Amino acid sequence: MSTAEHVELARELVRLMETRIADPLEILFESDDQVRPIRKRLRIEAEVWAAQLLGPDDKLAVRTAARLIAAAFPSDEPFDPPEAWWRSAFGQAVARRAGHPGAAAVPYATAAAMLGITRQGVHDLVKRAKLERHPDGGVTTESVRARLNQPKEQRVPSGHHHH
């Protein structure tokens, strides 16, 4: 885990939790007085969450990802973020640690976003058996997560460039 990665993830988590939790409370209370200590606590906790998401304990990372997603994206529907979310620092941490929570398979477009490559790149990886096709369509979340956890130099397809 690099320090830059930790700093970016913590900063992103602070923005997310302020937007999703602190700002609505401020609107409800029509005041920042009760919310100020919550904002301060969120900034402290974001450092801890970032360390847990990027740290060595897989179970803790997955549990932390699940808690943060449940708090920031409450819904009765399964969690299905837009493709752009997977490119965020939080999305990348979740993809590496948990894959796609609640989805055994993802469409090629989502896999591409999670991996930071083109859809064509995903097709090539499936063809070369570097990603596993799911029987119901798309690719398995587990194969995407496994690929993200390979050292970068093993991941770059030979003769292809990232776009």
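Helix H5 is a good place to start: 8 of its 10 residues are buried, so the rest of the structure largely encloses it. Keep in mind that this is a predicted model.

**The enclosed helix**

Which residues of H5 are buried? They are Ala89, Phe90, Gly91, Ala93, Val94, Ala95, Arg96 and Arg97. Two arginines, Arg96 and Arg97, sit in that list alongside residues such as Phe90 and Val94. The partners come from many parts of the chain: the buried residues of H5 pack against H1, H2 and H3, and also against helix H4 (83-86), H6 and H8. Right after H5 comes Gly99, with a positive phi near 70°.

**The chain as a whole**

Stepping back, the protein chain has 9 helices and 2 strands. Read from the N terminus, the order of elements is α-α-α-α-α-β-α-α-β-α-α. The chain counts 163 residues, of which 43% are buried. Along the principal axes, its C-alpha atoms fill a box of roughly 55 × 35 × 30 Å. As for how the chain meets itself, take the contacts with a separation of 6 or more: 55% of them join residues 24 or more positions apart.

**H1 and its kink**

Helix H1 covers residues 3-29, which makes 27 residues. From first C-alpha to last, H1 reaches 36 Å, close to the 39 Å expected at 1.5 Å a residue. Where is the kink in H1 centred? It is centred on Glu18, and the bend there is about 45°.

Glu18 also belongs to the buried set of H1, together with His6, Leu9, Ala10, Glu12, Leu13, Val14, Leu16, Met17 and Ala22. An α-helix has 3.6 residues a turn, so residues three or four places apart point the same way. In the cover over the buried residues of H1 you'll find helix H2 (36-54), helix H3 (58-72) and helix H5 (89-98), among others.

The kink residue turns up again from the other side, through Arg39 in helix H2. Is Arg39 buried or exposed? Its relative accessibility is 11%, so Arg39 counts as buried. Beyond its neighbours within four places in sequence, Arg39 is in contact with Glu18, Ala22, Asp23, Glu26 and Asp32. Glu18 and Ala22, as it happens, are both on the list of buried residues in H1.

**Positive phi after two helices**

Two residues other than glycine deserve a look for their backbone angles. Glu30 comes just after H1 and sits in the loop between H1 and H2. Ala129 follows H7 and lies in the loop between helix H7 (119-127) and strand E2 (139-140). Here they are side by side:

| Residue | Phi | Relative accessibility |
|---|---|---|
| Glu30 | about 55° | 74% |
| Ala129 | about 60° | 66% |

Glu30 counts as exposed because its relative accessibility, 74%, is over the 50% cut-off. Ala129, at 66%, is exposed by that cut-off too.

**H6 and H7**

Back in H7 itself, the buried residues are Gly121, Val122, Asp124, Leu125 and Val126. Their cover includes H6, E2 and helix H8 (141-148).

H6 (residues 108-115) holds Ala109. With a relative accessible area of 12%, Ala109 is buried. What does Ala109 contact, leaving aside its neighbours within four places in sequence? The answer is Glu83 and Arg119. Ala109 and Arg119 are 10 residues apart along the chain, and 5.6 Å separates their C-alpha atoms.

**A pocket on the side**

Finally, the second largest pocket holds about 180 Å³ of space. Rolling a probe the size of a water molecule over the atoms shows where empty space is left. Which residues line this pocket? Ala66, Ile69, Ala70, Phe73, Pro74 and Ser75 are among them, and so are Glu77, Pro78, Phe79, Asp80, Pro81 and Pro101. By class, the lining has 9 nonpolar residues, 1 polar residue and 2 charged ones.

Notes:
Residues numbered from 1 in each chain as written. Predicted model: local features only at pLDDT ≥ 70, side-chain atom pairs only at ≥ 80, totals over all residues. Heavy atoms only, no water. 1 Å grid on protein atoms, 1.4 Å probe; cavity = no way out; pocket = protein on both sides within 12 Å on 5 of 7 lines; lining within 4 Å. Points joined across faces, edges and corners; volume = space filled by probe spheres on them. Nonpolar A, V, L, I, M, F, W, Y, C, P; charged D, E, K, R; others polar. Helix = DSSP H or I, 4+ residues; strand = E, 2+ residues; numbered from the N terminus. Expected span 1.5 Å × (residues − 1). Bend = angle between axes of the 7 residues up to and from the residue. Buried < 20%, exposed > 50% of the residue type's maximum accessible area, 1.4 Å probe, protein only. Contact = heavy atoms within 4.5 Å.
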